[in-house]
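Student: I have a model open and want to test a few labels against their cut-offs. Can we take them one at a time?

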Amino acid sequence: MSFPPAIRRKFWGRDFSSPVMLASGTAGFGEELLDLQCLSGAGAVVSKAVTFNPREGNLPPRLLETPFGLLNSIGLANPGVYHVVKHLLPAAAGLPCPLLINVAGESVDEFADVVSVLEECSVHIGYEINVSCPNAAEGGAAFGVDPDVVLRVAQGVSKVTGRPFSVKLTPNGGDMVQSAKAAVEGGASAITVCNTFLGMHIDWETGKCVIKRKVAGYTSPALLPLVVARVWQVSNAVSVPVISSGGVSRGEDVLQLLAAGAEMVQIGTRLMRRPFAAGELMDEMKKLTGE
Ligand SMILES: Cc1cc2nc3c(=O)[nH]c(=O)nc-3n(C[C@H](O)[C@H](O)[C@H](O)COP(=O)(O)O)c2cc1C
């Protein structure tokens, strides 16, 4: 790798003029941001998680802003894969950048079942398999903490698609490097590092949590060094590209993650404050590197 890292990237055999991907759950299926002309500077969009059946998600309140970040407990709310195929993917056909579909499940088999249905569409270039959700069928711990389970999920997905897929790991428990290796053994074409960190807010006067489900996923620019370390560890351990996810608020953060070994860099929470964040980060990076 040369330093400073190049802004233009080659990923999954395609040329990307921007390394910035819009992270799952923060950009819908891209169409609203397209309507608002916010996709300039985005290399790719990752969809909201799609499960086999429709999910209402967790009961509200499910978002809480804290002094230094955001707690979210959306609970994979989505209309289910058949609705996505019929109504959301056709609308996403006009996106100016590639789309990846984030897939979640409650059992090992559900991931492949969802991908099988999505295979009839040609709108997306590949998948992001979210193994950070709880494995309801096997005790409720996230799929991603057990490399054997990650291997089985990845093998199942490999069997039903020829498209590339990234496995998105959890930082909450397990050994991310071992899970990443298992994903690659199972056929993953990239690893996304990583999903949100478990967090909680308690009102000290009442002992109550604002977030209905109590424990949530925490995102914050202050988590950047935790993500940089994990990107560095995983990218040194696997042969496939790493997509970073977490902690980005400035152009130099994207560059740092590329320098740590990421091939592409996702932004999520930043988009909620700054819908034009992708273009803003690109401008900052171009100024910093002169590229
Ligand atoms: C409101 C919200 C919803 C999210 N939904 C999903 C999801 O459906 N699937 C997923 O894999 N990650 C989901 N995430 C995690 C993001 O994709 C991303 O990994 C995380 O926010 C870290 O990046 P950031 O620090 O730039 O926000 C969600 C995050 C937020 C804030």
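**Labels and their cut-offs**

Tutor: Start with F111 in this predicted model. F111 has a relative accessible area of 0%. Buried means under 20%, so F111 is buried.

Student: Why is F143 called buried?

Tutor: The relative accessible area of F143 is 0%. The cut-off is under 20%, so F143 counts as buried.

Student: What makes F111 and F143 an aromatic pair that is edge-to-face?

Tutor: Two values decide. A pair of aromatic rings is described by the distance of the centres and the angle of the planes. For F111 and F143, the centres are 5.0 Å apart, and pairing needs centres within 6.5 Å. Their planes stand at 90°, and edge-to-face means over 60 degrees. So the pair is edge-to-face.

Student: Where in the chain do F111 and F143 sit?

Tutor: F111 is in helix α3 (residues 108–118). F143 is in the loop between β8 (126–130) and α4 (147–160). They are 32 residues apart, so the pair links distant parts of the chain.

Student: How many aromatic pairs does the structure hold?

Tutor: Four. One of them is F11 with F16, edge-to-face because the planes are at 65°, with over 60 as the cut-off. Their centres lie 6.0 Å apart. Both residues, F11 and F16, are buried. Ring pairs also join F11, W12 and F16 in a cluster.

Student: How do you know that the protein is as compact as a globular protein of that length?

Tutor: The secondary structure comes to nine helices and 14 strands. The radius of gyration is 18 Å, and the globule rule gives 19 Å for 291 residues. The two are close, so the label holds.

Technical notes: Residues numbered from 1 in each chain as written. Predicted model: local features only at pLDDT ≥ 70, side-chain atom pairs only at ≥ 80, totals over all residues. Heavy atoms only, no water. Helix = DSSP H or I, 4+ residues; strand = E, 2+ residues; numbered from the N terminus. Rg over C-alpha atoms; globule rule 2.2 N^0.38 Å. Phe/Tyr/Trp six-rings, centres within 6.5 Å; stacked < 30°, edge-to-face > 60°. Buried < 20%, exposed > 50% of the residue type's maximum accessible area, 1.4 Å probe, protein only.
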